[in-house]
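User: Can you walk me through this one? I'd like the fold, the surface and any cross-links.
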Amino acid sequence: QVQLVESGGGLVQAGGSLRLSCAASARAGSFNAMGWFRQVPGKEREFVSAINWSAGSTYYGDSVKGRFTISRENAKNTVYLQMNSLKPEDTAVYYCAARVQYYPGAYYSNDRTYPYWGQGTQVTVSS
């Protein structure tokens, strides 16, 4: 059973930064990809970013491009999300996700392709 544990959420002022971490219980090298999604109550889950574990290629949602950076640390089976220039509209619960199976490029943003999920971490950006 794969477990993903997020950390690093919190309260920050607009314009500030946070770094989220997601540690996997399994060897992350066995994953095809890991990603971050976020959700606000009453809204659908939104794709934030993903990384192909072996190639290191990265993908971002339009709303975070240029502000967020995803990275991985193979030795620690951990993926990070560095969030800069945070805006109040970034406020959400952020979820880490992982998958083993390969899908074509466009499917990195499809949450249904990720069978493994963390418990979520709250990020609140005040104006």
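**Working through the chain**

User: What secondary structure does the chain have?
Analyst: This is a predicted model. The chain has 11 strands and zero helices, so the pattern along the sequence is β-β-β-β-β-β-β-β-β-β-β.

User: What is the radius of gyration, and what would a compact globule have?
Analyst: The chain has 13 Å, which agrees with the value near 14 Å for a compact globule of 127 residues. Along the principal axes, the C-alpha atoms fill a box of roughly 40 × 25 × 25 Å.

User: How many of the contacts join residues 24 or more positions apart?
Analyst: Such pairs account for 56% of the contacts with a separation of 6 or more.

User: Any disulfides? How many does the structure hold?
Analyst: One. Cys22 and Cys96 form it, with their sulfur atoms 2.0 Å apart. Cys22 lies in strand S3 (residues 18-24) and Cys96 in strand S9 (residues 92-99), so the link ties together parts 74 residues apart in sequence.

User: Which hand does the link of Cys22 and Cys96 have?
Analyst: Left-handed, with -80 degrees about the S-S bond.

User: Are those cysteines buried or exposed?
Analyst: Cys22 is buried because its relative accessibility is 0%, under the 20% cut-off. Cys96 is also buried, with a relative accessible area of 0%.

User: And the chain overall, how much counts as buried?
Analyst: 43% of the 127 residues. The chain exposes about 6,500 Å², and carbon and sulfur atoms supply 46% of that.

User: Switching to charge: how many positive and negative side chains?
Analyst: There are 12 positive and 8 negative side chains, and the centres of the two sets lie 5 Å apart.

Key:
Residues are numbered from 1 along each chain as its sequence is written. This is a predicted model: local features need pLDDT of at least 70, side-chain atom pairs count only at pLDDT 80 or more; totals for chains, interfaces and linings use all residues. Side-chain values use heavy atoms; hydrogens and water are left out. Helices (H or I, at least four residues) and strands (E, at least two) are DSSP runs, numbered from the N terminus. The radius of gyration is taken over C-alpha atoms; the globule rule is 2.2 Å times the number of residues to the power 0.38. Buried means under 20% relative accessible area, exposed over 50%, partly exposed in between (1.4 Å probe, protein chains only). Contact means heavy atoms within 4.5 Å. Accessible areas come from the Shrake-Rupley method with a 1.4 Å probe; for residues, only the protein chains shown count as cover. Lys and Arg count as positive and Asp and Glu as negative; His and the chain ends are not counted. The place of a charge is taken as NZ of Lys, CZ of Arg, CG of Asp or CD of Glu. A disulfide is a pair of cysteine sulfur atoms within 2.5 Å.
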